[in-house]
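Visitor: Please take one part of this model and go through it closely. I would like the local surroundings set out residue by residue.

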Amino acid sequence: ELEAQVKERTSEIEHQKEELAEINDEILSSIQYAERIQRAILPSDAHVKRLLPDSFVFYRPKDVVSGDFYFAEETITNDGKQLVVFAAVDCTGHGVPGAMVSVVCNAALNRCIREFNIKDPGILLDKAREIVVETFQKSGEDVKDGMDISLCVFNKKTGEFKFAGANNPVWIIHPKNDPEVSSVAVGKVIEKNDFILTEVKGDKQAVGLTFNPKPFVTKELQ
């Protein structure tokens, strides 16, 4: 009788193990497919190199899918000058929830450029915040998800550089005593030989539902 009970228990355990393995395979398959979808919204290496030839992207998500993403797009001014809009973005959450937020935030950035034709980074973040908040409020819930972002707009022809940040800064390597950088810099971070790594801080607020939101500030330098 004891032997029969042991066999029955063993059979139950094996069955449960098979069920868990099947569920695990389904979850992993879904996450891997989600990764392919998220990869589709990221600019390709060739696209980034075309816009910014002397550049590289370091992207190493903690999980298969991520709440972090990078962004690179181009737009044209009314007088025909080419602008490159690029950003590093950190959305709330991580893993699958963070990746879902990243899709919403990526769509908001694209709408700001393509639909609303915004070229100033501060105004662009203001509009992106409006879109993100509207998107999440459609559910009727008080959703506070959104993104921290470093957003840059670069005029390749004139060298004009504009930056706005939501909780995140931009770091610039420049010669010592460069007045253009010094005028917007918060302070020296690292000094080596004839160059300085300087941090230019963004605003202390996120792109999302925020208490007492203020317009994002655009900082300009050559």
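Guide: Thr77 is buried, because its relative accessible area is 17% and the cut-off for buried is under 20%. The model is a predicted one. Thr77 sits in the loop that joins β1 (68–76) to β2 (82–91). A polar atom of the Thr77 side chain lies 2.8 Å from the backbone nitrogen of Lys81. When neighbours within four places in sequence are set aside, the contacts of Thr77 are Leu83 and Lys119.

Lys81 also takes part in a salt bridge. The side chain of Lys81 meets that of Asp79 at 3.6 Å, N to O. Lys81 counts as partly exposed, since its relative accessibility is 32%. Asp79 has a relative accessible area of 54% and is therefore exposed, the cut-off for that class being over 50%. Lys81 thus appears twice in this account: its backbone nitrogen lies 2.8 Å from a polar side-chain atom of Thr77, and its side chain is paired with Asp79.

The salt bridges in the model come to eight. Another of them joins the side chains of Glu74 and Arg50, with an N to O distance of 2.9 Å. This pair links distant parts of the chain: Glu74 belongs to strand β1 and Arg50 to helix α2 (residues 45–51), and the two are 24 residues apart. Glu74 is partly exposed, with a relative accessibility of 27%. Arg50 is partly exposed as well, at 47%.

A further salt bridge is formed by the side chains of Arg111 and Glu115, at 2.8 Å from N to O. Arg111 has a relative accessible area of 35%, so it counts as partly exposed. Glu115 falls in the partly exposed class too, with 48% relative accessibility.

One surface feature completes the account. Trp171, Val189 and Ile190 make up a nonpolar patch on the surface, and their accessible area together is about 310 Å². Within this patch, Trp171 comes from strand β5 (residues 170–175). Trp171 is classed as exposed because its relative accessibility is 52%, where exposed means over 50%.

To return to the starting point, Thr77 is buried at 17%, in the loop between β1 and β2, with Leu83 and Lys119 in contact with it once its neighbours within four places in sequence are left aside.

Key. Residues numbered from 1 in each chain as written. Predicted model: local features only at pLDDT ≥ 70, side-chain atom pairs only at ≥ 80, totals over all residues. Heavy atoms only, no water. Patch = residues over 30% accessible without salt bridge, like charges linked within 9 Å, V, L, I, M, F, W, Y side chains within 5 Å. Areas by Shrake-Rupley, 256 points an atom, 1.4 Å probe, with all protein chains shown as cover. Salt bridge = Lys/Arg side-chain N within 4 Å of Asp/Glu carboxyl O. Helix = DSSP H or I, 4+ residues; strand = E, 2+ residues; numbered from the N terminus. Buried < 20%, exposed > 50% of the residue type's maximum accessible area, 1.4 Å probe, protein only. Polar contact = N/O pair within 3.5 Å; in protein donor to acceptor, adjacent residues only side chain to side chain. Contact = heavy atoms within 4.5 Å.
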